[in-house]
Amino acid sequence: MNETDDTLEAARAVCLRLLARREHSRLELGRKLAARGFEPPTIETILAECSAQGWQSDERFAESLVRARKARGFGVNRIRQELRLHGVDAGLADAQDWMNDMDRVYTKKYRGKPPMTTPRERASRARFLAQRGFTPSQIQDFFKRLGSAGEYPDND
């Protein structure tokens, strides 16, 4: 074994240790290897090997992140932004059923509170959902569905 083999072996070990804890995006792994002092050619070689062996997958990472963030009540915009920060295509976030997630978040926050009767209350609740990362069109569709269920008079 020469110095290059030792460097590759060390980078591989770091990569596998990181991946054993949780899924990582390719970009994230590259950054972590660079922070540990590995050179770009070594990083690219190890990242290619990890992808080829199936140890690292951006798709698996994205699915894991979407699942975890949805469980915490975050909406599509927030999750898209986080996927982009990790260097992953944000398109996976669009294929989800956001109405059920929004309903769960909304019910948890407003269960037991009186229904919306004023535009001010509606705006307040819309801001809450927007801050959680749901899009304006999703919020509007959700409120229309609530209106037809008798939650509040439709003020559109």
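Which helices do the buried residues of H4 pack against? In this predicted model, the buried residues of H4 pack against helix H2 (26-35), H5 and H6. The description below starts from helix H4 and then turns to the helices around it and to individual residues.

Helix H4 comprises residues 58-71. From its first C-alpha to its last, this helix of 14 residues reaches 20 Å, close to the 20 Å expected at 1.5 Å a residue. Its buried residues are Phe-61, Ala-62, Leu-65, Val-66, Arg-69 and Lys-70. Viewed down the axis of H4, these buried residues fall within an arc of 155°, so they line one face of the helix. Arg-67 and Ala-71, by contrast, are exposed on the other side of H4. The helix is followed by Gly-73, whose phi is positive, near 90°.

The packing of H4 with H5 can be considered next. Two packed helices are described by the angle between their axes and the distance between the axes. For H4 and H5, the angle is about 145° and the axes are 10 Å apart. The crossing in which H4 passes H5 is right-handed. On the H4 side, the residues that meet H5 are Ala-62, Leu-65, Val-66, Arg-69 and Lys-70; their partners in H5 are Ile-79, Glu-82 and Leu-83. Each of these H4 residues, from Ala-62 to Lys-70 in the list, is also found among the buried residues of the helix.

Helix H2 packs with helix H3, which spans residues 40-53. The axes of H2 and H3 come within 10 Å and cross at roughly 140°. Here, too, the crossing is right-handed, with H2 passing H3. H2 contributes Arg-26, Leu-29, Gly-30, Leu-33 and Ala-34 to the contact, while H3 contributes Ile-43, Glu-44, Ile-46, Leu-47, Ala-48 and Ser-51. Within H2, the buried residues are Glu-28, Leu-29, Gly-30 and Leu-33. Leu-29, Gly-30 and Leu-33 thus appear both in the contact with H3 and among the buried residues of H2. Just after H2, Gly-37 takes a positive phi of about 95°.

Thr-42 is located in helix H3. Its relative accessibility is 13%, so Thr-42 counts as buried. Leaving aside residues up to four places away in sequence, Thr-42 touches Thr-7, Leu-8 and Ala-11. Thr-42 and Thr-4 are 38 residues apart in sequence, but their C-alpha atoms are 8.5 Å apart in space.

Asp-101 is found in helix H6. With a relative accessibility of 10%, Asp-101 counts as buried. Among residues more than four places away in sequence, Asp-101 touches Lys-70 and Phe-134; Lys-70 is one of the buried residues of H4. Asp-97 lies in the loop between helix H5 (76-85) and helix H6 (98-110). Unlike Asp-101, which is buried, Asp-97 is partly exposed, with a relative accessible area of 41%. The C-alpha atoms of Asp-97 and Val-76 are separated by 9.8 Å, although the two residues are 21 residues apart along the chain.

Helix H7 covers residues 119-131. At 1.5 Å a residue, its 13 residues should span 18 Å, and the distance of 18 Å between its end C-alpha atoms agrees with this. Arg-122, Arg-125, Phe-128 and Leu-129 are the buried residues of H7. They cover an arc of only 120° around the axis, and therefore lie on the same side of H7. The face turned away from this buried side carries the exposed residues Pro-119, Arg-120 and Gln-131. Gly-133, just after H7, takes a positive phi of about 105°.

The cysteines remain to be described. A disulfide is a covalent bond between the sulfur atoms of two cysteines. The structure holds 0 disulfides. Cys-15 is in no disulfide, and its nearest cysteine sulfur, that of Cys-50, is 3.7 Å away. Cys-50 is likewise in no disulfide, its nearest cysteine sulfur being that of Cys-15. Because a disulfide requires sulfur atoms within 2.5 Å, the separation of 3.7 Å does not qualify. Both residues are buried: Cys-15 has a relative accessibility of 0%, and Cys-50 has a relative accessible area of 1%.

Technical notes
Residues numbered from 1 in each chain as written. Predicted model: local features only at pLDDT ≥ 70, side-chain atom pairs only at ≥ 80, totals over all residues. Heavy atoms only, no water. Helix = DSSP H or I, 4+ residues; strand = E, 2+ residues; numbered from the N terminus. Buried < 20%, exposed > 50% of the residue type's maximum accessible area, 1.4 Å probe, protein only. Expected span 1.5 Å × (residues − 1). Arc of directions from axis to C-beta. Axes fitted to C-alpha atoms, helices over the stretch in contact; angles between N-to-C directions. Left-handed = near helix turned anticlockwise from the far one by under 90°. Contact = heavy atoms within 4.5 Å.
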